[in-house]
Amino acid sequence: MIAYLIRRILYALPILAGVNLLTFALFFVVNTPDDMARMQLGIKRVTPDAIEKWKQQRGYDKPLFFNKTEEGTHKITATIFWQKSASMFVLDFGYSDDGRSISREIATRMGPSLAIALPTFLIGLVAYIGFALLMTLFRATALDMAGVALCVLLMSVSGLFYIIGGQFVVSKLWHLVPISGYDGGIGSFKFVVLPIVIGVIGSVGSSSRWYRTIFLEEIGKDYVRTARAKGLSELAVLFRHVLKNAMIPILTGVVVVIPLLFMGSLLTESFFGIPGLGSYTIDAINAQDFSVVRAMVFLGSLLYIAGLILTDISYTMVDPRVRLQ
Amino acid sequence: MSFMPVMLWSDALVFLLLAASLTGAWYVRQREHLLLPWRRVAQSATAMVSLLVLALFVLVGLLDTLHYRVALPEKNGGETVYSPEVLSVFDKLVMPLRAQTEKTYSAPLAVTLYAKESTDDAHGRVLREYPRLRYGGAHLTDGSQRDGDVLWRGLTGTMWGLVAGLLIVMAGKRYLGKRGWPLRALLMATLVIAGILGMIVNLAAVYHVLGTDKVGQDVLYLSLKSIRTGLIIGTVTTLVTLPLALLLGIAAGYLRGWVDDVVQYIYTVLSSIPSVLLIAAAVLMMQVTIDTHPQWFDTSASRADLRLVFLCLILGVTSWTGLCRLLRGETLKLRELEYIQAAQAFGVSSFRILTRHIVPNVMHIVLISLVMDFSGLVLAEAVLSYVGVGVDPSMISFGTMINGARLEMGREPMVWWALAAAFGFMLVLVLAANLFADVVRDAFDPRLASSTKSE
């Protein structure tokens with residue numbers, strides 16, 4: 001198990017290196033730092049001095065890969081690639097355009113992100129699986145058909161609509177909760193409850209339908225017929241057999257997103273003014289703060305790969321046939 | 001010539017796509033075994049009604065794709081000068097909608113502006129009142145006649161629409177009677193759509209059916225123009241995903257070895273980056289390139305258009321990995337089957353095996369994944385435009401409409417019609433696409449076909 005984990009983490013390194021190279025190419029080779037400086041300082045009136053100053057402040061005034069003017073190892077380390085890209089492997093994300101440490105921002109903003117994302121994920125999981133099991137129980141009846149039709153309808157509505165509509169009805173018409181904002185500790189409840197509810201409703205359609213497909217696939221198998229032949233009730237068949245056997249496909253889709261919960265949701269956080277990583281990213285995109293976007297890309301893929309590894313581990317927990325070697 | 005045809009990049013890609021789908025349709029028509037699943041699609045009432053709705057959207061989108069620039073009256077030394085404004089045939093058709101802009105917000109079917117303004121009356125006194133609109137309901141002498149007029153025009157419009165619909169239905173029934181299509185559903189849908197269209201057309205002639213936005217543009221016009229953007233995002237993206245996924249997926253699955261390793265590495269790297277972030281990063285960089293090279297574009301439309309094409313490209317690059325993985329898996333399975341091994345034993349070249357035996361047998365996966373992805377892409381456009389990494393702000397799209405209207409949420413009383421229009425049009429488009437995609441999947445997926453038989 002430990003050996004397997006180490007191997008998986010080693011496998012992850014080339015992928016992260018690929019992500020790193022890709023973002024480096026996107027941010028520094030497609031457009032030179034000069035282009036970025038010109039963009040940030042305004043296209044029209046910009047002097048070469050101003051560009052140099054901008055680059056110097058942000059440490060972009062170095063060669064991309066190889067610095068001939070330096071000595072020894074500094075030939076490699078005093079470059080943009082080493083300082084801006086390779087350093088991310090040790091989680092050193094540098095500074096944002098307003099001079100704050102990105103690593104510290106990430107650490108403080110993970111909390112609010114999780115306060116929304118984790119409950120949304122957990123409530124959602126129970127709700128979707130429950131709804132899907134209900135549809136499976138009443139499969140091929142009018143109730144099932146209505147459920148599927150509802151899912152397709154809900155899937156076809158833009159995610160923005162749930163947020164805007166929810167804010168309008170709950171906060172503006174009914175005045176139940178504040179429209180946006182955040183507060184630490186127990187006071188945050190009134191701020192997070194609406195984003196969580198909207199987050200859960202927002203993906204009822206696609207998720208429930210996906211779980212229903214999984215359950216329907218399982219229910220056609222031989223062991224289900226055996227279980228029924230033993231005289232088990234349909235409910236017992238569903239919960240004790242179908243749900244257990246459907247765990248592998250469910251885990252494949254679910255576990256991989258758990259680490260990504262830290263990243264929060266871009267839309268929800270920015271609409272509700274939650275000071276999490278999602279709104280941080282959106283603000284960075286709008287302010288064209290490239291170092292923050294780069295850091296978030298790297299962090300995102302790091303968490304995704306962690307999710308893949310977690311998925312493999314979770315298989316061993318639900319399926320005794322799977323052994324990690 | 002009084003106008004100059006303009007071919008924007010996205011137009012060219014749309015025509016390419018159109019040509020490709022027509023060729024595909026012609027190819028399928030020749031072959032009975034390929035036609036069979038389509039027959040199954042054609043028998044489904046849901047699919048045909050959704051297709052009818054989609055066809056209307058596509059018609060609007062295609063008309064909106066034929067662009068031209070009008071010649072200006074003044075000449076520059078004998079040389080005709082063309083207006084910098086790029087129009088489309090669709091703009092020409094709905095010219096009144098486009099040209100009749102009000103001063104600012106007005107509610108749907110309103111005859112006055114949405115906010116009070118100070119005006120001087122004949123005696124020099126200052127009055128605070130809702131000023132009448134320049135065009136909306138301008139034929140009425142008194143604003144209070146509006147309700148009756150709207151009702152009357154709505155009813156007559158519906159009647160005319162129904163009459164026209166009935167004519168189409170009668171003609172359609174004679175020609176389509178023997179095809180085994182769900183005629184009743186189709187005819188009912190035609191009637192309903194014709195009635196609604198008749199009502200809207202009759203009302204839109206003298207009112208702003210969905211109101212006007214902040215700068216007084218007709219919201220119905222904006223919504224109709226957004227259709228093209230949505231359709232392009234949903235379809236042109238496949239021009240990128242398809243070759244990448246097909247080529248790399250099949251190569252990886254068939255050749256295995258180092259090719260497989262490389263392809264797997266590439267798609268793992270790409271799919272490990274959360275897609276919104278990758279798109280955001282790529283779009284930010286594209287923006288820098290576009291902004292630092294203003295000399296590339298002769299009109300603002302061509303700049304917005306190139307940005308749209310790039311957005312499709314980026315969406316394609318970020319979304320081919322899923323299809324590629326599916327195709328790789330399917331090819332791995334296929335290459336072990338007897339008929340492929342027989343072909344190999346006969347000495348058929350790898351290229352011929354791929355084109356004759358592998359590609360046709362994975363096409364159903366390609367097709368299913370394309371129709372399933374379409375609606376997601378249309379929805380993604382709105383989200384990306386909200387995040388600020390979508391289409392150009394000057395390009396009319398559902399995303400920019402929502403973005404513009406969102407800021408008005410705080411107004412009292414609320415300006416809701418632009419939001420409602422954008423969400424409504426999107427819902428109809430995406431719902432039709434989703435329903436159609438479901439039927440296509442059921443018809444083409446051999447796994448589903450066999451599982452329904454065994455039960």
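**Exercise 1. How many helices and strands does chain B have?**

Solution. Start by knowing what you are looking at: this is a predicted model, in which local features need pLDDT of at least 70, side-chain atom pairs count only at pLDDT 80 or more, and totals for chains, interfaces and linings use all residues. Residues are numbered from 1 along each chain as its sequence is written, while chains are lettered from A and ligands numbered from 1 in the order in which they are written. Next, take helices (H or I, at least four residues) and strands (E, at least two) as DSSP runs, numbered from the N terminus. Chain B then has 16 helices and five strands.

**Exercise 2. Compare the expected span of helix 15 of chain B with the distance between its ends.**

Solution. Helix 15 covers residues 417-444 of chain B, which is 28 residues. The expected span is 1.5 Å times one less than the number of residues. That rule gives 40 Å, and the end C-alpha atoms are 40 Å apart, so the two agree.

**Exercise 3. Decide how far helix 15 of chain B is enclosed.**

Solution. Call a residue buried if 20 or more other C-beta atoms, placed from the backbone, lie within 10 Å of its own C-beta (exposed means 12 or fewer, partly exposed in between). In helix 15 of chain B, 20 of the 28 residues are buried, so the rest of the structure largely encloses this helix. For chain B as a whole, 38% of the 455 residues count as buried.

**Exercise 4. Find the largest nonpolar core and the helix with the largest share of it.**

Solution. A nonpolar core is a set of buried Ala, Val, Leu, Ile, Met, Phe, Trp, Tyr and Cys residues joined through C-beta atoms within 7 Å. The largest one has 161 residues, and those with the most contacts inside it include Val293(A), Ala422(B) and Phe436(B). Helix 15 of chain B gives the largest share, 19 residues. Now look at Phe436(B): leaving out residues up to four places away in sequence, Phe436(B) touches Ala47(B), Ser50(B), Leu51(B), Leu54(B) and Val371(B). Here, touching means that C-beta atoms, placed from the backbone, lie within 7 Å.

**Exercise 5. Describe the contact between the two chains.**

Solution. Count the residues on each side: 43 come from chain A and 39 from chain B. On the side of chain A, helix 16 (290-318) is one of the helices that supply at least two residues. Helix 16 of chain A also provides the largest share, eight residues.
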